[in-house]
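Open the model in your viewer and keep the selection tool at hand. Each stop below says what to select and what is there.

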Amino acid sequence: MGSLFRSEEMRLCQMFLQTEAAYACVSELGELGLVQFKDLNSKVNAFQRTFVAEIRRCEEMERKLRYTEKEILKEHLKIPDNRENPKAPAPKEMNDLEVEFEKMDTELRQVNTNNEALKQNYLELTELREVLTKTQFYFQMYGQDIQQMMEEETLGQHEEAIIGRQQQTAALGFFVGTVLREKVPVFERVMKFVTHSTVFLRTEEIERAFVDPISGDELRKCMFIVFYQGDQLRNKVKKVCEGMRGTIYPVPDSPQERANMLNGVNTRIADLDNVLHQSNEHRLRVLKNAQKEIRSWTIKVEKIKAIYHTMNMFKVHQNSLHAECWFPAKAIDDIRRALNIGEKISGSSIPTVIQPMVTTEAPPSYYNCNRFVKGFQNIVDSYGVSTYGEVNPAPYTIITFPFLFAVMFGDAGHGLIMFLFGLALVIKEKSIGSKKLSNEIANTFFGGRYIIMLMGAFSIYTGIIYNDFFSKSVNIFGSQWHPVIKDEEWESEDIQLNPITSHYNLTAYPIGVDPIWQASMNKIMFLNSLKMKMAIILGVTQMLFGIVLQIFNHVHFKSYIDIFIRFIPEFLFLGCLFGYLVSQVIYKWLKFDATLSHCAPALLIHYINMFMFKYEFPSPDKEKCDPNLVYYDGQDGVQYAMFFIAILSVPVLLIVKPVYLICKKKGDKHGHSDHAALIHNEVPPGNVSWLFLRPQTPVGGKGVVNPLHYQGEVELGQVNMSFEHDNHDGLGNGRAREETTHGVTINSDDEEGHGEKHDHDEVDIHSTGEIIIHQAIHTIEFCLGCISHTASYLRLWALSLAHAQLSEVLWNMVLRLGLTMGGRYVGGPIIFVIFFIWANLTVAILLLMEGLSAFLHTLRLHWVEFQSKFYMGEGYHFQPFSFNFILNMQSLEEISA
C-alpha cells in the first residue's frame, strides 16, 4: 500500500475539536489538503446549520467583490495573479474586511451612479447640439418654402385631408427630436396614419454614433422635424413621438435664439467633458486600488466560506465539535502538526483528540500522482474509480496505452511531429499553466501533454519497425534482398523474387521491415499477415497479463479461494485456447523459413480441426508437404489436452464458487449464537474471545495492535490518543472483513443500527439464487468475452493498415503530383503551394482525425479488453478539504457557476 500500485492506505477517524480552536484547525487542514470530512448533518437543512450566519456574511462579501471584479474587467484591467496564498483571516478580522468592502462598494457605486448621470446628460447635450446644427441648416435652406412644400406634399391626398388643410388658419408649429434609426420606418408610417398625412415630416440620419451610458451599446439615431398646424395635431404628434421612444428637444423659432442656444450647449458640453474626465480618473483610481488587492481579498473570503461550510458538517456537543474524516494513514504526522499550529493560533489549551474508528464502510481511493502519471490515472478513472485496495492499472497503462496507440498509428514522420508537439507543451508547461487557458480543447491537449509526447515517441518506434516515414521506406542499412534475375525476366513487367535465391544470405534487415517491400506488388498481403498475427499476439498477451493481476487482488483481499476457483480456470481457459494459438504462430515463424515455406501449415485449418478432433497424419500416399498435416510430434495429444483443460475450466468457473459460498453461508449460520443483542453494539457471548483474545498482527515488525482490542487494562471504548498504537490490519482503514460483522463497530450517530441492518441485508443480497445467477453471468461473459476481445484486438491491424494507406494516398495524389508539374522555373512555386496543401492535409487528417480515432480505439482496448479481466472500478475518489481550487480559480464567476 501507499504506492501507485494500490491506493494509499486510508484511515477513518473521529476528531474532537474545541469550539474556539475549530476554525484555526480546519484552516490549517485546508492548507494541508489531506483530510476528507464526512457530513454528519446530512439530514439537517442547510439553513438550520450552526454557521449559516457566517456563510451569509461571506456571500455578501462575495457579492461586493464580484461587483468590483466586474467593474475592473469592464475597464479592461487585468487582475494580477502573483501566486500569493494568504492565510484565512481570523473570525474577528471578518469585521474589518466587511467594513473595507462596504466602503469600497459604496464609493464605487456612488461614482458609477454619478458617472452614469453625467454620461446621460452628456448624451442628451450632444444630441441637442446635433439637432440644433441640423435644424439651423434646414431652416436656412428651406425656411421660406416650408408652407409650399407642405401643400405640395398633401396634394393628391384624399379630399378630407385637403379640406382640413384649407380650414386650418392656425400658425405653423414644429417639433424637433431624435429617434432610433431602426424605428424610423415605423415612426413615419405611424405618424402618417395618426395625422392623416396633415403634417410635414422630414428625417435625417445623424452621422455620429452615440454610446448608451448604462449598457455601453452603440446607438445610431436619426433627427426628425415635424411641422403641424393647430393644437390638436400638436398633441397627436407629441404622443406619437413619446410612443416611439423618441426624444423631443425645445428648439426656439428664432434663428438668433437657436444660435445662442447652440453656443450655450457647446459651452456646457466642454464643461461636462472636464467633469467626466475627472470623474473617470477618480473611478479609475478606485478600481486600480481594488485591482491590487482583489485577488488576495477573494482568496481570503473563499477560504473563510470554505472553512465554515466544512464546520457545518460537524456535530456540535456543548463546547466542542465532533467530526469524522478520512485521510491517508501516512499523513497522520502532518495532520497532527497542522492541528497543533491551529491550537497555537487560537490560543487553546486543550488539544484536539483524534480517535481511530472501526467501520465496514469502503474507504475512498487516493493516489498521490505527479504531473506525468496524472494523465494516465485520469484515463483509468474515466472508466471507474478503483475499488479501495485493488490493483491500479495506471502504472501499466503508462506503457501499454502509447504502445498500442503507436501500433495503429505507426509512422515515424507523423510520430515525430506528435512527439515534438508534446515535448513543446512539456517544456513550456510552466508558462502555459500560469496563463490558465480558457479554451476547453486547448486545456485538453495541455492536460494530456505527457500522453501526446509518449504516443509520438512510441509511434516513431513502430514507424521504424514498419519502415514507414510519411508513407515512404528508408533504406539505411541496405536491403537484404539480392535479386538474381535471368535475362528473359527483364522483358516482363513484373519480376518475382524467390527468397531462396534472392535472399541467399538468410539474414534479416537489422531493424524493421526490409525497404524492398515498399516497391513490391504484394506489399499489402505481406504486411497484412504480419500485422494481423502481431495484433493477436499483443492482444492475448495483454489479456493474460490482466488475468495474472487478479492474483494480487485475491491475495490482498485475503480471498485465497478465488485463486483456485477463478484465476486458475480463467487463465487456463484463455491460455489453452488463444495462448496456444499465439504459441503456434511464433512456432511457425521460427520453424518454417524460406526453404520450408511450401510446407508451412495452415494455422486456421489446424485451429478449427482442434475443436473438431480432426487430424491428418503423414502417410506414403499423401503429399509430404500438405499444409493440413500435423506439423510437430504429439500435436494431437497436446491439442486434446488444451481443449479438455479449457472445457473443464468452464464448470469450475460456473459451479465451484456458488457451492463454496452457499456452504460457507450455511456454516456461518450454524456457528452463530442465537443470543439477540438488547442494546446497540452489545457483544454476543460467543464473540468475547474474538474481541479480547484475537492474536494481534504486527505491522513492519513494530508489534502494534488495534486500539479496540484488549490492551492490558485499557477499557472498552476508551479513547485512543495516539496512532502509534494502531493496528494496520485493515480494520482501522475501513476494509470490510467477515469477523467485524459480529464485533464492536464505532460509527457516527447517524449510522447507529447500521451493523444490524448490514447483517440482515447480507442474507438477502447473497441469497442462493442470486449467487448462482451472478456466477452464471460472469462465466458466460468471460467465456464469450475471450473470443470477442481477441477479435477486438484485430483493430490494431485494421487501423494500422488504414493509416498507412491514407498516408500513401496523400503522397501519391498530392505531393507526388506536385513534383511532376511545371518545369525548371515554374515547378518551384507549384511545389511550394502543393507542399502547403499536403502538409495541412497531413496534420488535419492523419494527425488529428486518425490520431483521435487511434486514441479512442486504444481507450476501448484498455477499458474493455484489459481492465475487465481484473479491475472492478467500484470505488470513489478521495476528495480532501483543500484550498487548491480557490488558488487555481480565475475569477469569482467560477464559484457562482
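A residue counts as buried when its relative accessible area is under 20%, as exposed when that area is over 50%, and as partly exposed in between. The structure on screen is a predicted model.

**Stop 1: cysteines**

Select C222. Its relative accessible area is 7%, so C222 is buried. Now select C783, which is also a buried residue, at 12% relative accessibility. How far from C783 is the nearest cysteine sulfur? That sulfur belongs to C786 and is 6.5 Å away, and C783 is in no disulfide. A disulfide is counted when two cysteine sulfur atoms lie within 2.5 Å. By this rule the model has zero disulfides.

**Stop 2: from helix α2 to helix α3**

The next stops are salt bridges, of which the count is 27. Select E98 and R57. They form a salt bridge, and their closest N and O atoms are 3.0 Å apart. E98 sits in helix α3, residues 93-142, and R57 in helix α2, residues 52-74, so the bridge ties together parts that are 41 residues apart in sequence. Both ends are partly exposed: E98 has 22% relative accessibility, and R57 has 27%.

**Stop 3: from helix α2 to helix α8**

Stay on helix α2 and select E71, then add R283. In this salt bridge the closest N and O atoms are 2.3 Å apart. R283 belongs to helix α8, residues 255-311, so the pair joins parts of the chain 212 residues apart in sequence. Are these two residues buried or exposed? E71 is buried at 5% relative accessibility, and R283 is buried at 6%. Add K74 and E75 to the selection: together with E71 and R283 they are linked in a network of salt bridges.

**Stop 4: from helix α3 to a loop**

Select K134 and E207, a salt bridge whose closest N and O atoms are 3.5 Å apart. K134 is in helix α3, while E207 is in the loop between β4 (200-205) and β5 (210-211), 73 residues apart. K134 is buried, with a relative accessible area of 12%, whereas E207 is exposed, at 57%.

**Stop 5: helix α15**

Select residues 449-466, which make up helix α15. From the first C-alpha to the last, the 18 residues of α15 reach 25 Å, close to the expected 26 Å. Of these 18 residues, 13 are buried, so α15 is mostly covered. Finally, select N467, just after α15: this residue takes a positive phi of about 55°.

Notes: Residues are numbered from 1 along each chain as its sequence is written. This is a predicted model: local features need pLDDT of at least 70, side-chain atom pairs count only at pLDDT 80 or more; totals for chains, interfaces and linings use all residues. Side-chain values use heavy atoms; hydrogens and water are left out. Helices (H or I, at least four residues) and strands (E, at least two) are DSSP runs, numbered from the N terminus. The expected span of a helix is 1.5 Å times one less than its number of residues. Buried means under 20% relative accessible area, exposed over 50%, partly exposed in between (1.4 Å probe, protein chains only). A salt bridge is a side-chain nitrogen of Lys or Arg within 4 Å of a carboxyl oxygen of Asp or Glu.
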